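Dear colleague,

I am passing on the structure we spoke about, placed just below so that you can have it open while you read. My notes on what was found in it follow.

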Amino acid sequence: MAVAVRVIPCLDVKDGRVVKGVNFVGLRDAGDPVELAAEYGRQGADEITFLDISASSEARATTRDMVTRCAETVFVPLTVGGGVRGVADVDVLLRCGADKVGINTGAIAHPGIIDEIADRFGNQVIVLSVDARREPDQPSGFGVTTHGGRRSAGRDAVEWTRQAVDRGAGEILLNSMDADGTTGGFDIEMIEAVRRAVDVPLIASGGAGKVHDFVQAARAGADAVLAASVFHYRTLTIAQVKDALRGAGFEVR
């Protein structure tokens, strides 16, 4: 039986509020994270991803009390990322109620962290968050960025996902920095390139604007589809996305 495609709203949080912009700039307030998380739980979200988008650039830990409040309010799996630099950070977030932990900048700075987290908690806990953009100088044509897309990591995005999975990453959250917040559609070529490189679950992120975009991402090989703007500003509902996926022949929950 086919594995159901998951639909995941993403809460990008800065200074205690959910925000959304285009390419991570021009941020607009989108609401209270706990209230939004609860609403998405009622709408039938399969998971919720909570990213503290300024944690790494500001060199601080994710807001832990907010994670606890979300975990107490929402009864679907919760992935939390932002400012994760080692095993101790993961341990704290899991104790606060996270089911999985996203890591990006910390893993690029010290790739061995992936091995350490996998050894301690298991592969299923680690979601490698990859903020990628088109970089013609990279072998695959896609490069990795860090610090909320503000810095180039100088490495190939596809090769990085392959290495991270070999080290123990259990899932890839692939966000197109070029498409992020534009509502112009997912970067299908990027999804297909990473899909060919790894066999762990792949979450497509960045660019969703209409229901057909989600269908295209699933056809490109995404096991889950993630979006923020279209859900926060009520352009689309989770039910509409699931109906479109179901109508295209995909299993949904």
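In this predicted model, Val-211, Phe-214, Val-215 and Ala-218 of helix H8 are in contact with Gln-240, Val-241, Ala-244 and Leu-245 of helix H10. The axes of H8 and H10, the latter spanning residues 238-247, come within 9 Å and cross at roughly 50°, and the two helices are therefore oblique to each other. The handedness of the crossing between H8 and H10 is right-handed.

Helix H8 also bears on another part of the chain, namely helix H7, which runs over residues 188-197 and has Met-190, Ile-191, Ala-193, Val-194 and Ala-197 buried. These residues lie on the same side of H7, because they cover an arc of only 165° around the axis. The elements that cover the buried residues of H7 include helix H8 (211-219) and helix H6 (157-167), together with the strands E7 (126-134), E8 (142-146), E10 (171-176) and E11 (202-205). At the N-terminal end of H7, Asp-187 acts as a cap, with a side-chain oxygen 3.4 Å from the backbone nitrogen of Glu-189.

For the chain as a whole, there are 10 helices and 12 strands, and buried residues account for 60% of the 253 residues. Of the contacts between residues at least 6 apart in sequence, 64% join residues that are at least 24 apart.

With best regards

Conventions:
Residues are numbered from 1 along each chain as its sequence is written. This is a predicted model: local features need pLDDT of at least 70, side-chain atom pairs count only at pLDDT 80 or more; totals for chains, interfaces and linings use all residues. Side-chain values use heavy atoms; hydrogens and water are left out. Buried means under 20% relative accessible area, exposed over 50%, partly exposed in between (1.4 Å probe, protein chains only). Helices (H or I, at least four residues) and strands (E, at least two) are DSSP runs, numbered from the N terminus. The arc is that of the directions from the helix axis to the C-beta atoms. Contact means heavy atoms within 4.5 Å. A polar contact is a pair of N or O atoms within 3.5 Å; within protein, one must be able to donate a hydrogen and the other to accept it, and residues adjacent in sequence count only if both atoms are side-chain atoms. Axes are lines fitted to C-alpha atoms, for helices over the stretch in contact, and angles run from 0 to 180 degrees between N-to-C directions. Angles under 35 degrees count as roughly parallel, over 145 as roughly antiparallel, 65 to 115 as roughly perpendicular and the rest as oblique. A crossing is left-handed if the near helix is turned anticlockwise from the far one by less than a right angle, and right-handed if clockwise.
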